[in-house]
Amino acid sequence: MRRRLLFSTLAVAVTAVVLFGLPLAFVLIRLQTNAAHQLVQRDATTVARTLQNRLRSGLPPDPIDAADAAHSLPDRFVSISRDGAPPVTFGGPPGTGDVITALAVTKNFRVTVVADDSVATEGVTEALVVTGSLAVLAVAVAVALAMFQARRLSRPLQELAEAAGRLGSGEAGPLGRRYGIPELDQVAEGLDGSAERISELLAAEREFAADASHQLRTPLTALSMRLEEILAAADQPEVVHEEGTAALLQAERLTDVVSQLLGRTHRSAGRRPAQVSVDDVVAQQVVEWDPAFRRRNRKLEVSGEKNLTVHVTPGTLSQLIATLLDNALVHGAGTVGIRTSLTPKSVVIEVRDSGRGVRADLVPRIFERNVSGKPGGTGLGLALARSIAGAEGGQVVLVRPRPAVFAIFLPRTLPVSGEETPVVSGPA
């Protein structure tokens with residue numbers, strides 16, 4: 001590309017020099033030729049006037065003295081005639097080529113000066129040399145400017161092409177450079193904007209995958225435990241029936257989570273908020289999580305007010321309680337209590353355990369993504385819980401760090417915003 005820019009600029013410069021130089025050379029030749037004719041005519045007039053003045057003054061009209069008055073006459077052929085007398089000539093005869101002839105006539109004298117065309121060609125040669133030198137200089141300057149401009153234009157274009165190639169290959173880093181050329185700066189801004197949008201989309205995709213995996217893990221784990229209980233009690237029909245019923249509930253919950261994920265992906269309206277019984281959801285979660293706690297010689301206890309309802313999207317309360325129970329199972333210890341209560345505007349579901357609680361340095365950041373109090377933790381559960389509750393017009397808070405007490409606040413009536421629950425999203 002740099003070579004094409006250089007050649008195109010050079011071609012334009014040479015064309016301009018030719019179109020300007022040829023008329024200029026023609027004009028200079030005409031000027032030099034006219035100047036040569038005027039010079040010879042001036043010599044002839046000078047000789048004729050000198051002779052006439054001498055005669056008027058009573059001096060003898062000496063042609064040699066008159067010729068000395070015209071300094072360029074030694075190189076000319078001069079013919080002087082007086083009152084019809086035979087002419088007096090001096091100087092070399094003109095050549096056989098082109099000549100310049102000038103005639104001057106006074107009252108008593110007739111002077112003819114003849115010069116060859118060297119008088120004009122010398123000046124023409126000098127003018128052409130000057131013109132040619134200026135043309136060469138102009139072309140040299142054009143070449144230098146073309147090289148500078150080609151480098152100035154080609155390097156940004158190469159960088160923009162490389163940035164576009166990286167963008168196409170999935171590297172969404174911004175170019176971050178401007179070149180002082182409006183058109184190129186506009187392209188660079190467009191590429192940076194595209195890179196930023198692609199980075200946001202890739203980050204959202206990664207977050208969605210991580211959040212979806214986390215949301216699906218809990219019901220899959222519970223379903224797996226129910227199936228293990230069924231296998232262990234294969235010779236006890238009543239236990240098999242009970243565990244099979246619980247497994248079906250887990251499968252339905254898993255299907256519900258998947259449906260919400262698909263609904264969010266397709267941006268569909270999905271289900272609307274409705275009045276949900278807190279007692280039913282808490283009882284369901286106890287049934288689902290009791291085997292996991294019993295395996296670790298721990299137990300679940302439920303207390304608080306009964307017959308409470310919240311206005312949320314179906315499935316939301318289950319996800320929130322399941323997230324806090326999973327957090328208590330992994331990070332807590334001892335008995336886990338679920339306590340329900342009522343405030344003037346909200347229903348409160350507290351989940352507490354008897355473990356060591358949340359470290360002081362993690363308390364301000366406990367609801368941030370990728371923050372976990374245990375090595376190997378995902379750091380997603382609490383962030384997702386706060387995000388889901390926020391979308392329903394509620395919130396999840398850390399009431400007490402040691403022992404840990406988390407509380408879910410959900411509205412008793414329809415929130416003003418009426419927003420639907422995003423199953424997986426970033427922190428609110």
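1. A nonpolar patch on the surface, about 470 Å² in area, is formed by Val130, Leu134, Leu137, Val141 and Leu145. Of these residues, Leu145 belongs to helix α3, which spans residues 118-168. The side of the question that matters for Leu145 is accessibility: with a relative accessible area of 53%, Leu145 lies over the 50% limit and is therefore classed as exposed. It should be kept in mind throughout this note that the model is predicted.

2. For the chain as a whole, the model contains eight helices and 11 strands. The chain has 428 residues, and 39% of them are buried, while its accessible surface comes to about 23700 Å², with carbon and sulfur atoms contributing 58% of that area. Among contacts with a sequence separation of 6 or more, 70% are between residues that are 24 or more positions apart.

3. An open sheet of four strands is arranged in the order β2-β1-β4-β3, and the pairing is antiparallel. The edges are taken by β2 (88-90) and β3 (99-105), each of which pairs on one side only. On average, and with direction ignored, neighbouring strands of this sheet are turned by 15° against each other.

4. Within that sheet, β3 is paired with strand β4 (residues 109-116) through seven bridges in the antiparallel sense, and the two strands make a hairpin in which three residues lie between them. Two positions illustrate the register of this pairing: Thr101 is opposite Val114 of β4, and Ala102 is opposite Val113 of β4. As a general point for reading such positions, side chains in a regular strand alternate between the two faces of the sheet.

5. Strand β4 also pairs with strand β1 (residues 77-82), and here six bridges join the two strands, which run antiparallel. One pair that can be located directly in the model is Arg82 with Phe109, the latter being the bridge partner in β4.

6. Helix α8 deserves separate attention, because nine of its 11 residues (the helix covers residues 381-391) are buried, so that the helix is largely enclosed by the rest of the structure. The buried residues of α8 are Gly381, Leu382, Ala383, Leu384, Ala385, Ser387, Ile388, Ala389 and Ala391. After α8 comes Gly393, which has a positive phi near 85°.

7. Val396, which lies in strand β10 (residues 395-400), has a relative accessible area of 0% and is therefore buried. When neighbours within four places in sequence are left aside, the contacts of Val396 are with Leu320, Leu324, Phe367, Ala385, Arg386, Ala389, Ala407 and Ile408. Two of these partners, Ala385 and Ala389, are listed among the buried residues of α8. The C-alpha atoms of Val396 and Leu410 are 8.8 Å apart, and the two residues are separated by 14 residues in sequence.

8. Leu410 appears again in the surroundings of Ser346: with residues up to four places away in sequence not counted, Ser346 touches Phe409, Leu410 and Arg412. Ser346 is part of strand β9, which covers residues 346-352. Is Ser346 buried or exposed? Its relative accessibility is 17%, and because residues under 20% are classed as buried, Ser346 falls in the buried class.

Terms used
Residues are numbered from 1 along each chain as its sequence is written. This is a predicted model: local features need pLDDT of at least 70, side-chain atom pairs count only at pLDDT 80 or more; totals for chains, interfaces and linings use all residues. Side-chain values use heavy atoms; hydrogens and water are left out. Buried means under 20% relative accessible area, exposed over 50%, partly exposed in between (1.4 Å probe, protein chains only). Two strands pair if DSSP finds at least two bridges between them. Axes are lines fitted to C-alpha atoms, for helices over the stretch in contact, and angles run from 0 to 180 degrees between N-to-C directions. Patches are made of residues with over 30% relative accessible area and no salt bridge: like charges are joined within 9 Å, nonpolar side chains (Val, Leu, Ile, Met, Phe, Trp, Tyr) within 5 Å. Accessible areas come from the Shrake-Rupley method with a 1.4 Å probe; for residues, only the protein chains shown count as cover. A salt bridge is a side-chain nitrogen of Lys or Arg within 4 Å of a carboxyl oxygen of Asp or Glu. Contact means heavy atoms within 4.5 Å.
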